[in-house]
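This briefing looks at the enclosed cavities and open pockets of one protein and at the residues that line them. Please keep the sequence and the model in view while reading.

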Amino acid sequence: MLSPIEKGLFVLLVIVCLTAAYNGFLQMAQIISRGQGKLNLEELPRRLVVGAVALFTQGRITRHRKLTSILHWGVAWGFLFYFIVNGIDILEGTLNAFHFLRGHIIGDIYRFLADTFGAIVLIGVIYFLLRRFVFHDPVLYARDNVKLHPKARAGGIGKDSLVVIFFILLHIGFRMLGVAFLIAQNNSGNDFTQPFANIIAQTFFVGLPPSFLTFGWHLSWWISIGLAVMFLPYFPHTKHAHLFMGPVNFMTRPDRQYLAEMHTYDFEDESIEQFGAANLFDLEQTHIVDAFACIMCNRCQQACPAYHTGKELSPAALEINKRYYLKENMAALANGSQEVMSIPLLDYAISESAVWACTACGACIDVCPVGNEPMLDIMDIRRNQVLMESNFPDELQGAFRGMERTGNPWMSIESRLAWTSALDFDVPTVAENPNFECLLWVGCAGAFNPEAQKTVQSVATILHHAGVSFAVLGDDETCTGDSARRAGNEYLFYELAMSNIKTLNAAGVDKKQIVTSCPHCFTTLGKEYKELGGDYTVYHHTQMIANLIGQGKLRLNGRNLEPVTFHDPCYLGRHNGVIAEPREVLAKAGATLLEMDRHGQNSFCCGAGGAQMWKEEEHGTAAVNATRFAEARRTRAKTLVVGCPFCAQMMHDANRESGEPMQVKDVAELVAEAIG
Ligand code: SF4
Ligand code: SF4
C-alpha cells in the first residue's frame, strides 16, 4: 500500500492531469461544434449501442490486414479491460487492506484475465513497434506527390506512435512487474492465477530481500498508474484519441440510406450563403470528428483507386492534414479565431488535382475502421469550387451545359426512344400505357450510348418476355443529375431532380416500381430524391431479373456459357449492397463465375464515377480502367460482365486499347441471350 505522502502526491497528480485533460477535451468539443449541422444524437440509447458495438468489435478492422487487425483487437480489448484493472490497482494501492476478491473464484478469474491481457497487449505493441520502425511497412507511408503535412511527412505520425507504444509498454510492463514483486513477497513465487507475472517472480524475484520487493512494487505502481494518469491530458492531442473518438464517430454520424449519402441543400432558402466547403468549418460536424478519430492507418489510401494509379489523392492524407491543422491550432480554433478558421482546405488539406481525381467510389468510407467519410469532404470541396469559385476542370463545362440545355451530359438532341427501333415489339410510353406496373428508367447512357442501348434493349426484352407491363417516359425523361452532383454542381442536380420528380409524380410512379440498368440512376432515384419529395421503389435490373426468375416468370435455356468474370459497379455493390443478385442471375444464365481478387464490396472502380466520365483523368502513373481491366483479364475468363453503362464504357475502352482479348457484356445481355 502507498504511504500517506505517496497518496497525497497521487491525489495532486490526478487533480492536475484531470484538469489538463478536461481542457483538452473541452477544446475538442468547441472545435467540433463550429462545424455545420449537428452531431446526430437522436435515439441515444440505440446510438450508444452502436458506439459500444464499434468499440468492442473494432469496427470493420478485420476485413483487411488480418494479422495486424487481430493483434490490434488484442491490444484494444486489453486496453479496455485495463480501465477496470487500473481502477482496481488504484483502490488496492490507496485503500487500507483492500484486495479485490482475494480467495474468491471471481477474483482469480479477474487476475488471470488481467495478467493474460497484459501479455497479449505487450505482444501486440511489440509487433506494432517492429512493423513501423524495423520493417517500415510501406502501407504506412504516402507517396511524394500527395499533399501531406511536413511534420507527418517527416515522421510525426511515427513519433506519436512511438510515444504511445512506449507508454503502453511501460504501463502494462510495470504493472506485470509490480504483480511479480507482490507474488514473490506473498506466495514465494506460486500464483498460477497470474501465470506470466508468476514466471517473472519465480525467475527473478523469489528470495530477494523483502525491503527490495516492497520498493519494487512501489516503483512499479507509480510507473504503471502514474503514467496512465499522466497520459490523460495527452489523449486529445494524439491520434490515439481514436480509441474513444472512433466509437463517438459511429455513434453520432447521420444514418445514411447508402454508403456515401450526400447532404442536400434547399436552394429556396435564401439564408444559405456558403455552398460546399472552403474551410474546415464549412464541413459538417461529423467530418470534423473524422479528423479526431483518424487512426492514420492508411487503409483508405490502400483501397483508393486514384491513389493506386498514382494520382495526387490520398483520402488518408486528407484526414491526417485536417488532424495536424487542428492539433497545431487547437486553442485558437477553440476560441473561434477567424483568421485561423478561414484558412482554405486547399491550402493545407488536399491539392486541387486530388480533389478532381476522386471517382466517388466510396472505398475509403467502406474500409475505414473508425467510420470516417473522406469522400464526402471531397464532394463538399467540389461543391465550393463549382458553386462559389466557378473553378473546375474545363471538360466538365460541356457535361454541365448538356445537362442544362438538352437534359443529358452527351449533349444529344436525338429522341430518347431511338433505341426502341431495333426491337420487334413496341415499347410504350406512360401516356400509351398508363396502367403500367413498372417504369423502365432508360437513363442518358441507355438512350444515347450505343453500348448502353444494347443493355436497355435486353432489359426491355426480358420484361416483355416475362409479361411485365412496363412503360418509359420517353422524351420526358431527363438526366437524374448524378454526375452533376458528384462533380460539385449541386444546383444543377437540384434543378434536374425537381424536374424529374414532377414528371414521375405526374405519371403516378410514386405508387409503382422503377427498374433501371444504371446503378447511378438507381441510387439517385431511389435514395437521393426522397429528401426533395420523390419517394420511389427502385430496382436495379439485376434485382428485377433475379425476382422474375424467382417468381417463375422468366425461364432461361440452361445452356452452359464460357467462364465469365463480373465487375461489381461501385454504386451497386459497395454503395448499395447489391452483390448477390447479379451473381445469382449469371448462374441461372449458365455462366461459371471466375472472381477477380477485388470483388463484391471490395470491388475496384472502373474509373468513370464521380463525374470522371466527363473529364480527362488526373495525372498519375496508370489509368484506372486499364488497371481494372488487367485484373479482369488475369481471371482468364472469356467475358467481362458489367452491370453499369459507365463501367461498360470504361471496360470497352480498356478492352480496345489492349487488343480486344475479352468480350464485355452487361448481365442483361447474357440473360436476353439465354431466353431464346
Ligand atoms: S471515394 Fe474512392 S476515389 Fe474518392 S477518395 Fe475515396 S477511395 Fe479514393
Ligand atoms: S480515414 Fe480511416 S482508413 Fe483512412 S487513415 Fe484515417 S482511420 Fe485509416
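Helices here are DSSP runs of H or I with at least four residues, numbered from the N terminus, and a lining residue of a pocket is one that has an atom within 4 Å of a point of that pocket. The model is predicted. A search of the whole structure finds 12 cavities of 30 Å³ or more, and the points below take up the two largest cavities before turning to the two largest pockets.

**Largest cavity**

- The largest cavity holds about 680 Å³ of space, and 36 residues line it, with H72, F128, H240, H242 and I295 lying nearest its centre.
- At least two lining residues come from each of α2 (44-57), α3 (66-94), α4 (105-133), α6 (156-187) and α9 (242-252), and among these helices α3 gives the most, with 6 residues.
- By class, the lining of this cavity divides into 22 nonpolar, 9 polar and 5 charged residues.

**Second largest cavity**

- About 150 Å³ of space lies in the second largest cavity, whose lining is made up of 18 residues, those nearest the centre being C444, C479, C518, C521 and F646.
- Two or more residues of this lining are given by each of α21 (443-448), α23 (482-486), α25 (519-528) and α29 (645-657), and the largest share, 4 residues, belongs to α21.
- The lining of the second largest cavity has 11 nonpolar, 6 polar and 1 charged residues.

**Largest pocket**

- The largest pocket has about 680 Å³ of space, and of the 34 residues that line it, E92, H99, R102, L182 and W217 are the closest to its centre.
- The helices α3, α4, α6 and α8 (210-231) each supply at least two residues of the lining of the largest pocket, with α6 giving the most, at 9 residues.
- Sorted by class, the lining of the largest pocket consists of 14 nonpolar, 13 polar and 7 charged residues.

**Second largest pocket**

- The second largest pocket has a volume of about 410 Å³, and it is lined by 17 residues, of which Q36, G37, H263, Y265 and E284 are the closest to its centre.
- In the lining of the second largest pocket, 4 residues are nonpolar, 6 are polar and 7 are charged.

**Helices that recur**

- The helices α3, α4 and α6 are among those that supply at least two residues to the lining of the largest cavity, and each of these helices also supplies at least two residues to the lining of the largest pocket.

Conventions:
Residues numbered from 1 in each chain as written. Chains lettered and ligands numbered in written order. Predicted model: local features only at pLDDT ≥ 70, side-chain atom pairs only at ≥ 80, totals over all residues. Heavy atoms only, no water. 1 Å grid on protein atoms, 1.4 Å probe; cavity = no way out; pocket = protein on both sides within 12 Å on 5 of 7 lines; lining within 4 Å. Points joined across faces, edges and corners; volume = space filled by probe spheres on them. Nonpolar A, V, L, I, M, F, W, Y, C, P; charged D, E, K, R; others polar.
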